[in-house]
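Let's take a walk through this one together, starting from a single residue and working outwards. Keep the structure open and turn it as you read.

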Amino acid sequence: TKIIMIGPDEDTVIIESKDEITAGDGVKKDTILNKGKMANRTTCNVFDLLERHGIVTHFIQSYNPNSFLAYRCEMIPIEVVIRRIAAGSYLKRNPSIKEGEIFSELIVEFFLKDDAKHDPIIVVKPGRKNWEIRPAKQPINQGNPMEFMNPLLSEKEIETIEKTARKVFVILENAFQQIGIVL
């Protein structure tokens with residue numbers, strides 16, 4: 001949960017982390033004292049780490065304890081999820097996979113950021129003009145797609161995002177392993 005405000009100039013924004021937490025597409029809400037400060041510190045550290053490894057981000061610098069300064073950009077309403085270990089909603093989409101299974105190659109998934117539709121998974125099939133939109137918590141091949149949509153990205157953009165996301169995952173995985181956390 002963040003607030004995005006106009007920055008010091010027209011090319012920047014201030015992104016403030018709130019103490020509020022949400023779940024269930026924003027239906028459940030609570031507050032954790034100082035969560036905003038901790039989230040902002042973690043976010044700034046992660047962006048700094050990525051920048052040091054040559055990953056281009058929108059991050060400029062920490063702004064104050066609860067916020068950071070970033071370049072203004074247009075958000076593509078897609079969430080990219082990388083998995084090395086089978087867990088969470090992946091198991092609901094792939095019931096034949098056992099929890100905790102380690103993938104030999106990183107799995108890349110795309111989800112449409114749409115709370116009203118519960119952030120459905122985007123199924124991109126090569127050679128198809130439209131993307132399939134399917135429920136994120138149902139077996140991937142069960143029933144018909146919820147809908148089809150025109151692609152928001154070209155095939156080349158998808159390849160670039162997948163390649164960058166894999167690099168980011170490995171950088172973060174290595175960093176978190178150093179403090180005893182499995183990403």
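Start with Leu69, which sits in strand S6. Bear in mind that what you are looking at is a predicted model. Is Leu69 buried or exposed? Its relative accessibility is 10%, and buried means under 20%, so Leu69 counts as buried. Setting aside residues up to four places away in sequence, Leu69 touches Pro8, Thr12, Val13, Ile14, His58, Phe59, Ile60, Gln61 and Tyr63. Pick out His58 from that list: 11 residues separate His58 and Leu69 along the chain, and their C-alpha atoms are 8.7 Å apart.

Now widen the view to the whole of S6. Leu69 belongs to a strand that is mostly covered, with 4 of the 5 residues of S6 buried. Which strands does S6 pair with? One is S2, which runs antiparallel to S6 and is joined to it by 5 bridges. If you want a spot to check, look at Val13, whose bridge partner in S6 is Ala70. Another is S5, residues 59-64, also antiparallel to S6, with 4 bridges between them. Here a pair to look for is Ser62 and its bridge partner in S6, Phe68. S5 and S6 are linked by a hairpin, and 2 residues make the connection.

Step back a bit further and take in the overall layout. The protein has 3 helices and 11 strands. Following the chain along the sequence, you read the pattern β-β-β-β-α-β-β-β-α-β-β-β-β-α. Its C-alpha trace spans about 50 × 40 × 35 Å along the principal axes. There are 183 residues in the protein, and 33% of them count as buried. As for how the chain comes back to itself, take the contacts between residues at least 6 apart in sequence: 43% of these join residues at least 24 apart.

Next, the largest pocket. It holds about 2,000 Å³ of space. Its lining is made up of 35 residues, and those nearest the centre are Phe47, His58, Ile78, Glu79 and Val80. Several elements give two or more residues to this lining, namely S1 (2-6), S2 (12-17), H1 (35-52), S6 (67-71), S7 (78-85) and H3 (155-177). So which of them gives the largest share? That is H3, with 6 residues. Sorted by class, the lining has 25 nonpolar residues, along with 5 polar and 5 charged ones. His58 is worth a second look here, as this residue lies among those nearest the pocket centre and also touches Leu69.

That brings us to H3 itself. The helix has 23 residues and reaches 33 Å from its first C-alpha to its last, close to the 33 Å expected at 1.5 Å a residue. Its buried residues are Ile158, Ala165, Val168, Phe169, Ile171, Leu172 and Glu173. What lies over them? The cover includes H1, S7, S8 (102-112) and S10 (131-134).

S7 has turned up both in the pocket lining and in the cover over H3, and it gives us our next residue. Arg83 lies in S7. It is charged by class, yet Arg83 counts as buried because its relative accessibility is 13%. Apart from neighbours within four places in sequence, Arg83 is in contact with Ser89, Tyr90, Arg93, Phe103, Glu105, Leu106, Ile107 and Glu109. You can also trace a line from Arg83 to Arg166: these two are 83 residues apart along the chain, with 9.4 Å between their C-alpha atoms.

Finish at the loop between S8 and S9 (121-123), where you'll find His118. The phi of His118 is near 65 degrees, a positive value in a residue other than glycine. Asp119 is in the loop between S8 and S9 too, and its phi is also positive, near 45 degrees, again in a residue other than glycine. Which is buried and which is exposed? His118 has 55% relative accessibility, so it counts as exposed. Asp119, at a relative accessible area of 14%, is buried.

Methods: Residues numbered from 1 in each chain as written. Predicted model: local features only at pLDDT ≥ 70, side-chain atom pairs only at ≥ 80, totals over all residues. Heavy atoms only, no water. 1 Å grid on protein atoms, 1.4 Å probe; cavity = no way out; pocket = protein on both sides within 12 Å on 5 of 7 lines; lining within 4 Å. Points joined across faces, edges and corners; volume = space filled by probe spheres on them. Buried < 20%, exposed > 50% of the residue type's maximum accessible area, 1.4 Å probe, protein only. Pairing = 2+ DSSP bridges. Expected span 1.5 Å × (residues − 1). Contact = heavy atoms within 4.5 Å.
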